[in-house]
Amino acid sequence: MTNTHLGVWERCLGVIRDNVPTISFKTWFEPIVPLRIDNQVLTIQVPSPFFYEYLEEQYIDLLRKTLRKEVGQDAKLEYVVVMGNQANSQPYTVKYPTNNNPKIQNKPLNVPLKTEGKPSIKNPFIIPGIQKLHVDPQLKPDNTFDNFVEGECNSLARAAGYAVAQNPGGTAFNPLMIFGNSGLGKTHLAHAIGIQVKEQFPDKVVLYVNANKFQTQFTEATRNNNRNDFLHFYQMIDVLILDDVQEFAGKEKTQETFFHIFNHLHQSGKQLILTSDKPPIELKGMEQRLLSRFKWGLTAELLVPDFETRMEILKRKTYKDGIEISDEVLEYIASHITNNVRELEGALVSLLAQSTLNKKEVTIELASDMVNKLVKSSKRELSIDYISKVVCDYFNLPVDNLQTKTRKREIVQARQLAMYFSKSMTKSSLASIGSQIGNKDHATVLHACKTVNNLIETDKNFRNFVDEIEKKLKM
């Protein structure tokens with residue numbers, strides 16, 4: 001039989017018929033209509049969105065294996081759903097690609113048996129009831145390499161990440177540190193590496209953890225006298241992905257513990273993947289011995305995506321969601337939302353929500369209204385460095401003066417104002433703010449904020465300073 005869409009589907013049905021109950025075959029497979037096959041993508045028509053979701057939930061593994069057997073390892077499935085078939089309604093079709101995300105699981109970890117007087121190792125993610133620890137990788141199945149749009153802005157980081165995934169712990173990229181501004185895809189790429197490792201090496205234990213969660217777990221372990229268990233748990237991981245490592249700034253005990261985990265994993269040939277909003281050389285409030293280890297491997301930057309990359313991101317998003325939008329509208333969005341990927345996808349979601357709720361066609365006019373509201377209402381993401389510069393410019397002071405130990409009144413006041421605005425206008429922790437402004441601790445930042453609030457209430461001139469600086473920061 002030839003490799004036409006009818007022939008391929010008929011052969012697939014022959015295999016499926018032998019692997020599912022008769023009633024299930026008649027219910028879920030006989031109503032399917034093969035439409036075409038193009039570049040190893042078989043398109044089938046199903047009666048409803050529920051039908052598509054049920055096939056993806058219950059039979060996708062069987063469908064995928066059968067199709068690959070008949071067409072080849074690169075074979076893919078695409079669904080077409082006929083919508084709006086009610087009376088007085090114009091029928092239209094929606095396309096859905098198949099969900100190609102397998103369930104991501106780690107093998108159980110073998111840990112030392114519990115002996116008398118010595119508790120077993122605790123899993124900081126779950127409380128184990130049995131001796132084998134089942135470690136959830138904490139990976140998001142959608143964040144794959146296939147869903148990560150490559151462009152000049154991220155090609156080095158993506159290539160390095162893929163190389164690491166093919167040979168974790170065995171490349172010169174250990175650690176692999178990915179840095180860039182918020183919303184450019186650092187977390188997505190980190191997840192993609194972890195997912196690829198699990199596909200290539202199912203027995204490897206992969207773990208993604210955000211630095212804040214790591215800090216919380218460490219604090220709880222210290223409080224419960226389980227620090228050794230915490231340390232040993234992380235030392236058993238094969239591929240450790242630590243997100244937002246800049247959050248360790250000013251947290252000396254956490255850094256010390258992570259230093260020991262880093263050393264053990266690196267010396268054992270295990271892979272470390274780190275993400276940060278800045279390169280190691282610009283991270284403040286971090287131990288030098290830890291920063292030097294961050295530089296051992298490769299540091300790769302994610303930049304703001306160019307127009308072509310932004311267009312491809314929007315096209316992938318609409319295809320995945322089964323929605324058709326004209327290139328003209330997509331080009332308008334890509335031309336006006338330029339800061340980061342998160343804002344770009346958020347703009348598209350907002351546009352689709354307005355179109356659906358208000359029953360309006362997706363047009364350039366609707367897109368223009370949405371973009372204007374989005375840009376007007378969104379706040380510029382401020383950095384501590386930028387806030388420090390604006391405050392120092394206002395008082396005609398060199399910004400380096402904030403880092404000195406002088407007790408001159410005008411410099412102390414500028415430092416306190418920089419801390420005050422950094423606390424109210426950024427998501428940075430008190431420890432991070434203190435480490436970047438004068439290398440102070442979190443208590444000093446709290447004192448500075450309290451002092452500024454008191455002066456705002458009691459000193460009219462000072463209140464004017466604050467109002468004028470705030471206007472400059474919001475311009």
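**Exercise 1. Q138 and its surroundings**

Decide whether Q138 is buried, exposed or partly exposed, and state in which loop Q138 lies.

*Solution.* The classes are set by relative accessible area, with buried meaning under 20%, exposed over 50% and partly exposed in between, computed with a 1.4 Å probe on protein chains only. Q138 has a relative accessibility of 24%, and therefore counts as partly exposed. This is a predicted model, in which local features need pLDDT of at least 70 and side-chain atom pairs count only at pLDDT 80 or more, while totals for chains, interfaces and linings use all residues. Residues are numbered from 1 along each chain as its sequence is written, and side-chain values use heavy atoms, with hydrogens and water left out.

For the location, the secondary structure elements are DSSP runs numbered from the N terminus, namely helices (H or I, at least four residues) and strands (E, at least two). Q138 lies in the loop between β4 (92-97) and α5. Although Q138 is not a glycine, its phi is positive, at about 65°.

A second residue can be treated in the same manner. N396, also a residue other than glycine, has a positive phi near 55°, and is placed in the loop between α15 (384-394) and α16. With a relative accessible area of 70%, N396 is exposed.

**Exercise 2. A histidine in helix α6**

Find which residues H191 is in contact with, leaving aside its neighbours within four places in sequence.

*Solution.* H191 belongs to helix α6, which covers residues 186-200. Taking contact to mean heavy atoms within 4.5 Å, one finds Q138, L139, K140, N143 and Y208 around H191 once the sequence neighbours within four places are set aside. The relative accessibility of H191 is 1%, which means that H191 counts as buried.

**Exercise 3. The open sheet and strand β7**

Work out the order of the five strands in the open sheet, and then explain why one side of β6 and of β9 is left without a neighbour.

*Solution.* Two strands are taken to pair if DSSP finds at least two bridges between them. The resulting order is β6-β7-β8-β5-β9, and the pairing is parallel. Because β6 and β9 (298-301) stand at the edges and each has a single partner strand, one side of each lacks a neighbour in the sheet. On average, and with direction ignored, neighbouring strands of this sheet are turned by 15° against each other.

The pairs can then be followed across the sheet:

- β6 (residues 206-210) and β7 run parallel and are joined by five bridges, and V209 has L242 as its bridge partner in β7.
- β7 and β8 (residues 271-276) run parallel with four bridges between them, and I241 stands opposite I273 in β8.
- β5 (residues 176-179) and β9 run parallel and share four bridges, with L298 in β9 as the bridge partner of L176.

Strand β7 (residues 239-243) has five of its five residues buried. Its two faces are both covered, with V239, I241 and D243 on one side and L240 and L242 on the other. Together with helix α9 (residues 252-267) and β8, strand β7 makes a right-handed β-α-β unit, right-handed meaning that, with the strands pointing away from the viewer, the path from the first strand over the helix to the second runs clockwise.

**Exercise 4. Salt bridges**

State how many salt bridges a search of the whole structure finds, and describe the one between E312 and R316.

*Solution.* A salt bridge requires a side-chain nitrogen of Lys or Arg within 4 Å of a carboxyl oxygen of Asp or Glu, and the search finds 11 of them. In the pair of E312 and R316, the closest N and O atoms are 3.2 Å apart. Both residues lie in helix α11 (residues 307-320), four residues apart, about one turn of the helix. Elsewhere, R11, K69 and E70 are joined into one network by salt bridges that share partners. Within that network, the side chains of K69 and E70 meet at 3.3 Å, N to O; K69 is exposed at 60% relative accessibility, whereas E70 is buried at 17%.

**Exercise 5. Two crossing helices**

Determine at roughly what angle the axes of helices α16 and α18 cross.

*Solution.* Axes are lines fitted to C-alpha atoms, for helices over the stretch in contact, and angles run from 0 to 180 degrees between N-to-C directions. The axes of α16 (residues 409-425) and α18 (residues 442-458) come within 8 Å and cross at roughly 95°. That makes α16 roughly perpendicular to α18, given that angles under 35 degrees count as roughly parallel, over 145 as roughly antiparallel, 65 to 115 as roughly perpendicular and the rest as oblique. Among the residues that meet are Q416, L417 and Y420 in α16 and H447, A448 and V452 in α18.
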